[in-house]
Amino acid sequence: MLLKHKATGTLGRAALVAIPVAFLGLFFVYPLATIFRRGLGGSFPTDVLFDRGTLHIVWFTIWQATASTALTLAAGLPLAWATARVAFRGRGLVRALVVVPFVLPTVVVATAFLALLPESMQRGVVPILLAHVFFNVAVVVRVVGGYWARLDPSLWDAAATLGASPSRRFRELTLPALRPALAAASALTFLFCFTSFGVIVILGGPRFATLEVDIYDLATQTFDLRAAAALSLLQLAAVGAIVAVSSSLEARAGARLPLAVEQLAARRARDWERPALVATLAVAAVGFGLPLAALIERSFATANGAGLAFYRALGRDTPSLLVAPWRAVEYSLAYAAAATGIALVVGALAAAAFASQRGSRWLDTAVMLPLGASAVMLGYGFVIAFDTSPLDFRDAVWIVPVVQALVAAPFVVRILTPAMRGIDPRLREAAAVLGAPPARVRREIDLPLVLRPLGVAAGLAFAIALGEFGATVFLARSDRPTLPVAIFRFLERPGATNQGTAAALCVVLMAVTVLAVGIADRLTSRRGAF
Amino acid sequence: MRRAFVVATAVAVAIVGASIGAAAPVARSVVLVTHDSFAISKSTKAAFETQSGLKLRILQNGDAGAALNRALLTAGRPEGDVFFGVDNNLLSRALGGKLFDAYTPAALTQVERAYDLDLSHHLVPIDHGAICLVYDRAWFAAHKLRPPYTFEDLLRPGYAKLTVVENPATSTPGLAFMLATIAHFGSGKAPWTYWSRIKRDVLVTNGWDEAYNAQFSGSSSHKGKRPIVVSYSSDPAAEVYFAGKPRTQAPVAVVRNTCFGQVELAGILRGAKNPDGARKLVDFLLSQRFQAGIPLTMFVYPVRGRTPLPAVFMRFSPPMSSPLTLSPATIGANRDAWISEWTDTVLR
């Protein structure tokens, strides 16, 4: 009996690993290897890598990402605490709203920043860092908050009873307990900022470039594929190193505290918590609210005063897009739903593999790499790798959700791995001793405990797929644009109607995001309550 | 949990399977590969499809530079049959890449000689336009300052910090404007002297949409502060057409002496799956029907002679008679060197 379980365990583990490996191999490694081989042609690009200009760009890329990550953590933690530990009316809405900036096209947000910031601050490092915080606070709130919400509060109560001050409880209990989630959120934020593109192009101007920006210019404007491939490899290597470090931190911090079901953790604000909650929400309302309000205002500001003209234009044919604009909602939803499905399958299998055996760190790193790959090189790779039968996928509709899932899967892995590691093995052992077969253990022990993080992961994956632009714009067919692609097409054209339609589409994108994330949260948190 | 995975996998496989089925290429279709600024009205597209019996599919592969580079990358195994959107600035790169098969459409006789830039007819002209300094009329009226008339005006007192230009390394209009200064000042040191004198007064953006929609004060978004921008000669017509209400005057005007001519060409991609359909499509791009639709869809001008222009164009953006130009060969030979000279002069 025991032997048989062990055998299916090994086989099952191999199956767990096989699907993510095959997915990454076919849709990530193969296209990138194809474009790198074309670009480099066998010679090692020492000249490009050790060029003074390259070193300068690498240095800027690293330090701005480090600074952005630190600021994002500082800005996101209070909000993560508020949405995880305090029960207040509208908590679910705040949780869903936080994701909105994350899906907005960077061009739109950067332009909104230009409009809000005083002229002396429009260009340079300050606006870049501010915009990075604005975009990535969602990652901290969702990843850290989702984990925080499931830490059993009885420890904190015990510490409080024993006389530990709030600050001591935070230092000695909260921070160590949150370490796995903090490591995951920092890694994701860092990667996003490390590969930042739209924010840098607009708020940095021509004097600032990250590796990603330089690769884009080399690949699409100068057409120096050799240099583009060399810098892409450099970027991937850097990302690989960062991920390896962060996942080893995360694994070492591996939850020693038992996780509970969320509803136990949050309760009404008491004494000092009340002003802290109010202050946190007020700061968030201003920081998020102002740029978003500016966008919303623009969508109603027609030539004849406030009105719905730009929303009505969504249903009409226009020379600026090959289909009526509202169709982009349909395509976005379909692509994002498919991408979420793929990312959940791939990501959950990979996370299950990591949680059950610690030796698979190379796969852990591999799953994260798509976040660090240059979108344009991956796009070019798809175009030349999949051009002949039986791999003739250039026209296939499903290539879009596949590439979106590549970007979303790392989030699923990062959210699920700490949660799966955190399941107390004694629970499983107890169930097994009581005679539950492995399938039942998974269904009745693992699933309920993982359901809430699965919902968080699904919501975030969906949001990422909705907002993904860099690779989607490369592969989505022009008669099937997603919302960000359609917004971009309108922004590229002059005239009030085009700019207004872009603003209206942004508002639609925000609404769709809040709805989708809210639904994912609600579905999973209700059922998680037993 | 494993069952959940099985179900989810099955769903994903079903989605993928269904979409493979849906994506099977239509037997009789022709594919146009182009850039993001390409546009065609539904009725014109339908007219082509009825007349040729072919379904027209359009692939928009980024801005003009990105779309061409992607075509070069897939040379010989093209993503479609016809490529539209090589301009005079990129012509030498496109021809050097052996991307196209030669074809001389009958309608080419209707096109003015000046636009026929590739005499081997691997590429044939479809539309033309111009990149110019464009200014905000209301701003100059309110500040009682004479609007600019020439390049040299930007050096005059009162013009400090009024202008937005795009980076020629990353933007097609930016490249055209740099070429305009070279065409105007000559190819020696003079253009760089000019640029070094104005560099403190111009704001450089990486792309046109930031320059026009966020930094320029005259666009309908009203977000910017600077009243002069490098943009398209058709902006006055576009601003009136897309204003959302009737206007008797355009909010922006063009500095005609600073315009650099742009011609966009199309060709049949070598290795096209449907070369016969490709020829029909090129013929159609030069037909009266398509040419007449060019102004109000792409906001450039038809190359075919005697094509009527819409009233909004005649009134607010009449065609440019003789803009500044440089030969495609000159541009091809010097483009990269000029861009680095510009970068060293303006950004360092």
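What follows is a short conversation about a predicted model and its chains A and B.

Student: How many helices and strands are there in chain A?

Tutor: Chain A of this predicted model holds 23 helices and four strands, and its C-alpha trace spans about 65 × 55 × 45 Å along the principal axes.

Student: And what is the radius of gyration of chain A next to that of a compact globule?

Tutor: Chain A has a radius of gyration of 23 Å, which agrees with the value near 24 Å that a compact globule of 530 residues would have. Buried residues make up 55% of the 530 residues in chain A, and of the contacts in this chain with a separation of 6 or more, 84% are between residues 24 or more positions apart.

Student: Switching to the interface, how many residues of chain A are in contact with chain B?

Tutor: On the chain A side there are 54 residues, in contact with 60 residues of chain B.

Student: Which element gives the most to that side of chain A?

Tutor: That is α15(A), with seven residues, while other elements giving two or more residues include α20 (438-467) and α23 (496-528) of chain A. By residue type, the side of chain A that touches chain B divides into 27 nonpolar, 13 polar and 14 charged residues.

Student: Now chain B, how is it divided?

Tutor: Chain B has a domain 1 (27-128 + 263-316) and a domain 2 (130-261 + 320-347), whose centres are separated by 27 Å. Between them, 17 residues of domain 1 of chain B are in contact with 17 residues of domain 2 of chain B, and the domain 1 side comprises 10 nonpolar, five polar and two charged residues.

Note on methods
Residues numbered from 1 in each chain as written. Chains lettered and ligands numbered in written order. Predicted model: local features only at pLDDT ≥ 70, side-chain atom pairs only at ≥ 80, totals over all residues. Domains from an automatic or database assignment. Contact = placed C-beta atoms within 7 Å. Nonpolar A, V, L, I, M, F, W, Y, C, P; charged D, E, K, R; others polar. Rg over C-alpha atoms; globule rule 2.2 N^0.38 Å. Buried ≥ 20, exposed ≤ 12 C-beta atoms within 10 Å, placed from the backbone.
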